[in-house]
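Here's a quick tour of a two-letter cast of chains, told from the coordinates alone. Have the viewer open and follow along.

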Amino acid sequence: MKIKEALKQLSKHHNIVQQTLDVYSIEVQLNNDEQQRIIVAIKEIDGETYLTDYGYSCQYTNLNEEEIKKICKTFDVEFNNYAIQCKYEDEKDLANIIKCINKIL
Amino acid sequence: MKSLSLIKENSKNYDKLRNEMIKEAEHKFGKNIFTDFQLPIDFSLNNLDDSIFRNRTTQTLPLPYSNEIFELLKKMPKKAINDVYNFNNKGYNITGVYLIGKYDNKPVLFAFNICRFLAYKDYLNFSIKLDVCVGGKTWLQLLRLDSYGPSHPNYFQNKKVCQKESEVQYVKTPHLHINSQENEILTHNIIDYSPAIELDFNFENFRSDDKTLLKKCFEYFKKYANIEIAINKKIENDYHYDFNNPLYDYSKISQVYSVKEFCK
């Protein structure tokens, strides 16, 4: 999905912030804790829209690389050089990446 | 309790909180923690390694330095004293260098680093950080510039705490976190939040692969914190940044020399 269409869909339920001309983000709460928030970036890679944590989870977790990869697989999320990322098609992809980050942190 | 309510509550008890926090810090780190920011006379560069840059340091206790000392540390001219540490860690490229300032003819040690995420061919996600060594061994984060983040709430307007949620404005990226006395005291019990100020430029009109994002922030930070280092043009590339300091004598790299000598 092109980023324009993805932003249109996501903006129905989320507050989108423009970071740069080509990257947007949404802020999500972790574990229903108002004080634990994380930013999920929305960016277009090769014509598809991706959601990514920009390496945040891996930097702040005590888990090792193998353990992180295992969790990512469970939630159908990719591990790309310490970035947690997934292709965006609909709301369930966002839910999956949040669940995955929750589990890693 | 919401962050704003906590800050308002802290603001009401400001003096009491400050005294309590100072006592607690003195108990943990020693009586002179708020005055002893110069290095011990026998300190040697041999004692330095890359651990400050390699390990994520979390400040376990707020250290409310007086605004005078904070300003003094911020404004003090700082020069690089060692060759840089440059390595990759968990998907980040980290470039760090130790800096020395001088106060009352004695050295003050700082650690400066740029941390940049490598997974994407862009320059959106990086941070620039300056820590100061206090009491000869405790690291205190003074400043941190974040290039990337959400609409960061700013609970202060005209240096006063906002009274209503509707008054809270949002800081754009990049932004600068300042660990001044006021910030340490007012936000000490708010998890994962430290106040930030907006810079006089933001990234909304740049593409994320624009190298000037990092350069602009680096130049801003350097000027703000009075740091005398420069990006080394010769080795600049997509993934590695290094610095050269025109004041640093590279012929001395292999020599062991004390900080005391540097400050003569």
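Lys2(A) sits in the segment just before helix 1 (3-10) of chain A. Keep in mind that we're looking at a predicted model here. Is Lys2(A) buried or exposed? Lys2(A) is exposed, because just 11 other C-beta atoms lie within 10 Å, and the cut-off for exposed is 12 or fewer. Leaving aside residues up to four places away in sequence, Lys2(A) touches Glu44(A), Gly47(A) and Thr49(A). Asp46(A) is 44 residues from Lys2(A) in sequence, yet their C-alpha atoms are 9.4 Å apart in space.

Thr49(A) turns up again in the contacts of Ile42(A). With residues up to four places away in sequence left out, Ile42(A) also touches Ile3(A), Ala6(A), Leu7(A), Leu10(A), Tyr24(A), Ser25(A), Ile26(A) and Leu51(A).

Now for the cores. The largest nonpolar core has 82 residues, and Ile42(A) is among those touching the most other members, along with Leu51(A), Ile97(A), Cys100(A), Leu99(B), Phe110(B) and Val132(B). Strand 4 (residues 106-117) of chain B supplies the largest share of this core, seven residues. Apart from it there's another core of five residues, including Ile7(B), Leu17(B), Tyr155(B) and Leu186(B). As a rule, nonpolar side chains in soluble globular proteins tend to be buried together.

Next, a helix pair in chain A. How do helix 3 (residues 65-74) and helix 4 (residues 91-104) of chain A cross? Their axes come within 9 Å and cross at roughly 150°. That angle is over 145°, so helix 3 of chain A is roughly antiparallel to helix 4 of chain A. The crossing of these two helices is right-handed. On the helix 3 side, Ile68(A), Ile71(A) and Cys72(A) meet Cys100(A), Lys103(A) and Ile104(A) of helix 4. The residues of this contact divide into five nonpolar, no polar and one charged.

The two chains touch as well: 23 residues of chain B are in contact with 20 residues of chain A. Here's how the chain B side breaks down by class:

| Class, chain B side | Residues touching chain A |
|---|---|
| Nonpolar | 11 residues |
| Polar | seven residues |
| Charged | five residues |

Finally, chain B as a whole. Chain B has seven helices and 15 strands, and 35% of its 264 residues count as buried. Taking contacts in chain B between residues at least 6 apart in sequence, 62% join residues at least 24 apart.

Terms used
Residues are numbered from 1 along each chain as its sequence is written. Chains are lettered from A and ligands numbered from 1 in the order in which they are written. This is a predicted model: local features need pLDDT of at least 70, side-chain atom pairs count only at pLDDT 80 or more; totals for chains, interfaces and linings use all residues. A nonpolar core is a set of buried Ala, Val, Leu, Ile, Met, Phe, Trp, Tyr and Cys residues joined through C-beta atoms within 7 Å. A residue is buried if 20 or more other C-beta atoms lie within 10 Å of its own, exposed if 12 or fewer, and partly exposed in between; C-beta atoms are placed from the backbone. Helices (H or I, at least four residues) and strands (E, at least two) are DSSP runs, numbered from the N terminus. Two residues are in contact if their C-beta atoms, placed from the backbone, lie within 7 Å. Axes are lines fitted to C-alpha atoms, for helices over the stretch in contact, and angles run from 0 to 180 degrees between N-to-C directions. Angles under 35 degrees count as roughly parallel, over 145 as roughly antiparallel, 65 to 115 as roughly perpendicular and the rest as oblique. A crossing is left-handed if the near helix is turned anticlockwise from the far one by less than a right angle, and right-handed if clockwise. Ala, Val, Leu, Ile, Met, Phe, Trp, Tyr, Cys and Pro count as nonpolar, Asp, Glu, Lys and Arg as charged, and the others, Gly among them, as polar.
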